[in-house]
Amino acid sequence: MLEIIDLKFGYGAQELFNKASVTIYNGEHVGLIGLNGVGKSTLMNLLAFRLTPDEGKIIWDKNVTFSYLDQQLEVKTDISITDYLYDVYTPLFKKEEEMNNLYNSLVDANPDDYDKILRKAENIQTFLDENNFYMIKSKIGNVINGLGIDIEEGRSLKELSGGQRAKVFLGKMLLEEKDVLLLDEPTNFLDARHVEWLTKFLTGYKNSFIVISHNVDFLNNVCDVTLVLENKLLARYKGNYDAYLKQHEVNRIAYEKAYNRQQAYIKHQQDFINKNLVRASTTHRAQSRQKILDRLEVMEKPVSEKPVHFNFEFTKSFHKSPLVVNDLSIGYTHPILEHINLKLEFGKKYVIIGKNGIGKTTFVKTILGKLAPIKGNFDLTDLNTIYYYAQEEEPEDITAMQYFRNDYPQLDDKEIRGILARYGVSGELPLKSMKYLSGGEAAKVRFAKLSLTKSNLLILDEPTNHLDKLAKKSLFEKIATYPGTVILVSHEKNFYDELKMIHINFD
């Protein structure tokens, strides 16, 4: 289905792939994994022909069709959700219209043409039946309910958040049933029940898909092949994520040994060359060895997982309730959630759960004063010093360094780099535009800047989206030991259950 041959690609001095090669076969369900920033989303863009390789080839089977859900989703917004989804079946609706026109034409047709017209109409009817035309409404309803898409009457894509739009586009992809789905973090904006539905859908998907995800349970359930992007190469493993882990440790050790042997060989040869190149009696031998070294394909240095150190600076405790909510109704133009009553205790950890679109993020924005309540009131005491991590932040076309400097002009480059490095953002990344960082890299930059905020109340809206396992582990540890109050919105049940958080259920 797909061949990647000797792929090379990089951004400026940052090389992501160096002669990466792999083959994927029809019907395979592939998980694409790797640390934040190694180039997973870039690879998807290359596969979708949004980027061009520096060298090498990407060869799709000539008959293959694919669709692509990326992290920086751009879709036409001046269309209603229902029209956008039904647009998948426009060719079938045109066929139905053609059939109806044929039947209507019988009124004025010459009787000698009746059989010909009826045969044409019946052929179209057979075509529609074979393509499940009369199941369209049911299929769309299944996807809408399964992904939790809110199709409020007349609502257009431009009225949706980025996460809601991503769900609608994902729904359209599933309805299109292309030969290959390219999915970049499809579960980021789905709650547990919708992840479960998507898992069942993809498990039974008769065609192929390649999916990037940091949700290990999801990968284990949907994938039968795992592709790992590591050391600028692609490695293929048969089986799901757990099967990959067992094989990978053996391969990692073997690669490191081979790399160390090659480095020792290079050093030995280079030492000989340096000593003998200028001697008349041995210069020929030294030149021969130099030619051998020049032709040698040098292995990439094994990439070690960069440690990530999240930090939440605590201020001080107090004995008053950090948040009291009385009969609160929230929404934009009309209530989407009503009669909310809460009283939180200082130092406790709370998780807000509920289906997508029910109003979890709207509630957070309301108590932070970003949205006006429709009815009722709340008291977020002034004793709170708040650290707020928003689920979505529109990336600006500025470097990570400038992103810091806009709010902290007193920090010099060395200080900013030091803070970013604690979050695994180093090398060329601080000089890269926020717009072109991967989802995980951008999240780490945002957390790094927020680490300069002192607080006694953490409000974290889907903080684990895009984070790799090391970053999640560090985030988990810091939330677990944080002495202040925590309000978390999360779809990752395992994450908040292990933290033993108090549930605020909006269902």
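The largest cavity in this predicted model has a volume of about 50 Å³. A cavity is a set of points, on a 1 Å grid over the protein atoms alone, where a 1.4 Å probe fits but cannot get out. Its volume is the space filled by probe spheres set on the points, which are joined across faces, edges and corners. Thirteen residues line this cavity, and those closest to its centre are Glu185, Asn188, Asn215, Lys472 and Glu492; a lining residue has an atom within 4 Å of a point.

Next, a pocket: an open set of points with protein on both sides within 12 Å along at least five of seven lines. The second largest one has a volume of about 1300 Å³. Among its 50 lining residues, His214, Val216, Tyr241, Asp468 and Lys469 are the closest to its centre. Helix H9 provides the largest share of that lining, 8 residues; helices (H or I, at least four residues) are DSSP runs numbered from the N terminus.

Here is how the two linings divide, with Ala, Val, Leu, Ile, Met, Phe, Trp, Tyr, Cys and Pro counted as nonpolar, Asp, Glu, Lys and Arg as charged, and the others, Gly among them, as polar.

| Lining | Nonpolar | Polar | Charged |
|---|---|---|---|
| Largest cavity | 1 residue | 9 residues | 3 residues |
| Second largest pocket | 24 residues | 12 residues | 14 residues |

A note on the numbers: residues are numbered from 1 along each chain as its sequence is written, and side-chain values use heavy atoms, with hydrogens and water left out. As the model is predicted, local features need pLDDT of at least 70 and side-chain atom pairs count only at pLDDT 80 or more, while totals for chains, interfaces and linings use all residues.

Finally, Leu174 touches Leu147, Leu181, Trp197, Leu198, Phe201 and Leu202, leaving aside residues up to four places away in sequence; contact means heavy atoms within 4.5 Å.

Conventions
Helices (H or I, at least four residues) and strands (E, at least two) are DSSP runs, numbered from the N terminus.
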